[in-house]
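Hello,

Here is the structure I promised to send over. Have a look at it first, and then read on for my notes on what turned up in it.

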Amino acid sequence: MNRHVANSFRLLPVAAVLAAGAALAPAAGAAPATKPASTIRVADNPYQRGPAPTEASITAEKGPFAIETIPVPAGSGTGFNKGTIYAPTDLGQGTFGAIVVSPGFVSPEAWISWYGPRLASQGFVVMTLETNSLVDVPAARGEQLLAGLDWLTGKSSVKNRIDTSRTAVMGHSMGGGGTLEAANKRPSLKADIPLAPWDTNYNFPNIATPTLIMGADNDFIAPASSMAESYYNNVKTAPEKAYLLLKNAGHMTFVSPNTTIAKYSIAWMKRFVDNDTRYDQFLCPAPKADANIAKYLDTCPNG
């Protein structure tokens with residue numbers, strides 16, 4: 001039996017809680033869509049994609065890029081199960097950064113599928129994963145994130161749309177733990193975003209990637225104080241890092257469309273995958289606590 005799968009059976013009691021929580025996951029409203037991709041101009045920054053961001057554009061349900069959805073059947077590549085690609089169709093804008101997203105423990109790909117079009121329409125090639133096993137532990141999920149990323153950038157049908165030097169990972173729950181594991185294993189990643197991360201490992205000495213960790217104040221599955229915030233404090237080597245604690249939110253908030261999660265995920269990916277300083281305005285000065293944010297800690301990009 002695979003060692004990661006074997007280690008995960010002790011965590012099976014969490015499954016019922018996750019399944020019940022999914023039904024309660026709140027969805028947030030979205031702002032109107034932004035301008036069509038035909039109005040986009042490639043600027044001086046060779047990695048910059050899309051028009052100048054505004055509060056409306058970064059919180060919109062759809063970004064400025066038209067996208068296509070491409071199924072990735074099981075057996076397409078090695079080291080991961082299957083998934084779905086979301087890719088911009090405008091081939092005149094140059095190549096895009098690539099992001100792979102993992103779901104959490106006993107969570108299907110469908111629960112994190114909303115991140116695909118939300119991020120891709122802002123100018124990224126995104127693949128959401130179905131893990132090898134629903135009970136894979138964080139270390140296994142980290143390996144699958146990297147395997148999926150290698151296949152996406154090297155062998156997929158959209159590989160020519162991707163700048164292989166600009167890659168990132170993100171994931172929810174044990175997928176968030178896997179995100180930290182992947183970043184620790186591959187320091188060349190440009191960004192990583194663990195969402196309500198769960199992992200028994202708190203030691204990530206090799207992370208050299210800008211890391212945004214999100215937690216939820218009412219999370220009793222992966223308590224933010226002992227997990228998300230602790231991981232933030234223990235990531236000592238990231239050149240930039242931030243910690244966002246959602247207000248009046250739980251562990252399963254992350255599996256439904258949410259404007260706050262999307263806004264800061266987009267800003268972080270645009271800032272560090274695309275090196276787009278136009279997004280500094282959303283990250284530095286640090287966002288203040290409000291109706292959606294209970295706490296925010298950061299090193300502040302270029303601050």
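The secondary structure consists of eight helices and nine strands. Please keep in mind throughout that this is a predicted model. The protein has 303 residues, and 60% of them are buried. Its accessible surface is about 11400 Å², with carbon and sulfur atoms accounting for 54% of that area. If you take the contacts between residues at least 6 apart in sequence, 72% of them join residues at least 24 apart.

**Helices α5 and α6**

One helix pair is worth turning towards you on the screen. Two packed helices are described by the angle between their axes and the distance between the axes. Here the pair is α5, residues 138-154, and α6, residues 174-185; their axes come within 7 Å of each other and cross at roughly 60 degrees. The crossing of α5 past α6 is right-handed. On the α5 side, the contact is made by P138, A139, R141, G142, E143, L145 and L146. The α6 side brings M174, G175, G177, G178, T179, E181, A182 and K185. By character, the residues in the contact of α5 with α6 split into six nonpolar, five polar and four charged.

Just ahead of that second helix you will find S173, in the loop between β5 and α6. The phi angle of S173 is near 60 degrees, which is a positive value in a residue other than glycine. S173 has a relative accessibility of 4%, so it counts as buried.

**Salt bridges**

Side chains of opposite charge can pair when their charged atoms come close. There are nine salt bridges in the structure. One of them joins the side chains of R161 and E68, with N and O 2.5 Å apart. R161 sits in the loop between α5 and β5 (162-172), while E68 belongs to strand β1 (residues 67-72), so this pair ties together parts that are 93 residues apart in sequence. How accessible are the two partners, R161 and E68? R161 has a relative accessible area of 16%, and it is therefore buried. E68 comes to 27% relative accessibility and so counts as partly exposed.

Another salt bridge links R166 with D163, where the closest N and O atoms are 2.9 Å apart. Here both R166 and D163 are buried. Which residues join D163 and R166 in one network? They are K270 and D274, linked with the other two by salt bridges that share partners.

A further pair is R278 and D276, whose side chains meet in a salt bridge at 2.8 Å from N to O. D276 has 0% relative accessibility, so it counts as buried.

**Backbone details**

A cis peptide bond joins C284 and P285, with omega at about 5 degrees. P285 lies in the loop between α8 (259-272) and β9 (293-298). L283 is in the loop between α8 and β9 as well. With a relative accessible area of 0%, L283 is buried. What is L283 in contact with, leaving aside its neighbours within four places in sequence? The residues are Y264, A267, W268, R271, Y296, D298, C300 and P301. As for C300, its C-alpha atom is 6.6 Å from that of L283, and the two residues are 17 apart along the chain.

V106 is also worth a look, as it has a positive phi of about 45 degrees although it is not a glycine. V106 is found in the loop between β3 (96-102) and α4 (115-120). The relative accessible area of V106 is 17%, so this residue is buried.

**One more residue in β5**

Is T164, in strand β5, buried or exposed? Its relative accessible area is 52%; the cut-off for exposed is over 50%, so T164 is exposed. The C-alpha atoms of T164 and A98 are separated by 7.6 Å, although these residues are 66 apart along the chain.

That is everything I wanted to pass on. Happy viewing, and do write back with any thoughts.

Best wishes

Methods: Residues are numbered from 1 along each chain as its sequence is written. This is a predicted model: local features need pLDDT of at least 70, side-chain atom pairs count only at pLDDT 80 or more; totals for chains, interfaces and linings use all residues. Side-chain values use heavy atoms; hydrogens and water are left out. Helices (H or I, at least four residues) and strands (E, at least two) are DSSP runs, numbered from the N terminus. Buried means under 20% relative accessible area, exposed over 50%, partly exposed in between (1.4 Å probe, protein chains only). Contact means heavy atoms within 4.5 Å. Accessible areas come from the Shrake-Rupley method with a 1.4 Å probe; for residues, only the protein chains shown count as cover. Axes are lines fitted to C-alpha atoms, for helices over the stretch in contact, and angles run from 0 to 180 degrees between N-to-C directions. A crossing is left-handed if the near helix is turned anticlockwise from the far one by less than a right angle, and right-handed if clockwise. Ala, Val, Leu, Ile, Met, Phe, Trp, Tyr, Cys and Pro count as nonpolar, Asp, Glu, Lys and Arg as charged, and the others, Gly among them, as polar. A salt bridge is a side-chain nitrogen of Lys or Arg within 4 Å of a carboxyl oxygen of Asp or Glu.
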